[in-house]
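This report walks through strands, charged pairs and surface features in turn. Please keep the sequence and the 3D view open while reading.

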Amino acid sequence: MVDKKKIMVVDDEDAIRLLYEEEFEDEGYEVISCASGDEALERFDEEKPDLVILDIAMPGMSGLDVLAKIKEKSPNTPVIMSTAYSHYKNDFYTYVADAYIVKSPDLTELKEKVAQLLG
């Protein structure tokens, strides 16, 4: 059996985490859900995800802070910034991410980017 690629989804919105979980599990990925940046960083080392989908605007630690810490720990792990706000795309810190997706009910762009980065 081939090992499933592991995706970590970090978002403070339950509905988004659930949607991404269902969609990516249907695509054959293993999904780890985290409701906060702190939880994601705690679980990152033990879970060793192949890719991280990371919300930017979260209470507590922002996704940009989490991005910096993940890239410090594991520079080669692809990170997709996923946010409802397109203005973050111009934030210098998002350039460290491997991709930037504005949240949408249509997950086609996100799924294509995940497949491309894990290809």
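## Strands and their cover

Met 8 stands opposite Ile 32 in β2. The model is predicted. Strands β1 and β2 pair in the parallel sense, over five bridges. How much of β2 is buried? Four of its five residues are, so the strand is largely enclosed by the rest of the structure.

Strands β3 and β4 also run parallel, joined by four bridges. Leu 54 has Met 81 of β4 as its bridge partner. Strand β4 spans residues 79-83, and five of its five residues are buried. Both of its faces are covered. Val 79, Met 81 and Thr 83 are buried on one side. Ile 80 and Ser 82 are buried on the other.

## Salt bridges

By the rule used here, the count comes to 11 salt bridges. Three of them are set out below, with the N to O distance for each pair.

| Pair | N to O distance |
|---|---|
| Lys 103 and Glu 13 | 3.8 Å |
| Lys 111 and Glu 27 | 3.3 Å |
| Glu 47 and Arg 43 | 3.2 Å |

Start with the salt bridge between Lys 103 and Glu 13. Which parts does this pair tie together? Lys 103 lies in the loop between β5 (99-102) and α4 (108-118), while Glu 13 lies in the loop between β1 (6-10) and α1. The pair therefore links parts that are 90 residues apart in sequence. Lys 103 is buried, at 17% relative accessible area. Glu 13 is partly exposed, at 41%.

Next come Lys 111 and Glu 27, whose side chains meet in a salt bridge. Lys 111 sits in helix α4 and Glu 27 in the loop between α1 and β2, so this pair ties together parts 84 residues apart in sequence. Glu 27 counts as partly exposed because its relative accessibility is 45%.

The third pair stays within one helix. Glu 47 and Arg 43 both lie in α2, four residues apart, which is about one turn of the helix. Is Glu 47 buried or exposed? Glu 47 is buried, with a relative accessible area of 17%. Arg 43 is partly exposed, at 23%. Both residues belong to a network: salt bridges that share partners join Lys 6, Glu 39, Arg 43 and Glu 47.

## The loop after α2

Helix α2 covers residues 37-47, and β3 covers residues 51-55. Lys 48 has its place in the loop between them. Its phi is positive, about 45°, although Lys 48 is not a glycine. At 59% relative accessibility, Lys 48 counts as exposed, because that value is over the 50% cut-off.

Pro 49 lies in the loop between α2 and β3. Is Pro 49 buried or exposed? At 5% relative accessibility, Pro 49 counts as buried, because that value is under the 20% cut-off. In sequence, Pro 49 and Lys 5 are 44 residues apart. In space, their C-alpha atoms are 7.7 Å apart.

## Helix α1 and the negative patch

Which residues form the negative surface patch? They are Glu 22, Glu 25, Asp 26 and Glu 30. Helix α1, residues 14-26, supplies the largest share of the patch, with three residues. Glu 30 is found in strand β2, residues 30-34. Glu 30 counts as partly exposed, at 34% relative accessibility. That residue belongs to the patch, whereas four of the five residues of its strand are buried.

Glu 21 also lies in helix α1. Its relative accessibility is 24%, so Glu 21 counts as partly exposed. Glu 21 and Val 9 are 12 residues apart in sequence. From C-alpha to C-alpha, Glu 21 and Val 9 are 7.8 Å apart in space.

## In brief

Two parallel pairings appear here: β1 with β2, and β3 with β4. The salt bridge of Lys 103 and Glu 13 ties together parts that are 90 residues apart in sequence. That of Lys 111 and Glu 27 does so for parts 84 residues apart. In the loop between α2 and β3, Lys 48 is exposed and Pro 49 is buried. The negative patch draws three residues from α1, and Glu 30 of β2 is also part of the patch.

Definitions and conventions:
Residues numbered from 1 in each chain as written. Predicted model: local features only at pLDDT ≥ 70, side-chain atom pairs only at ≥ 80, totals over all residues. Heavy atoms only, no water. Patch = residues over 30% accessible without salt bridge, like charges linked within 9 Å, V, L, I, M, F, W, Y side chains within 5 Å. Areas by Shrake-Rupley, 256 points an atom, 1.4 Å probe, with all protein chains shown as cover. Lys, Arg positive; Asp, Glu negative; His and termini not counted. Charge placed at Lys NZ, Arg CZ, Asp CG, Glu CD. Buried < 20%, exposed > 50% of the residue type's maximum accessible area, 1.4 Å probe, protein only. Pairing = 2+ DSSP bridges.
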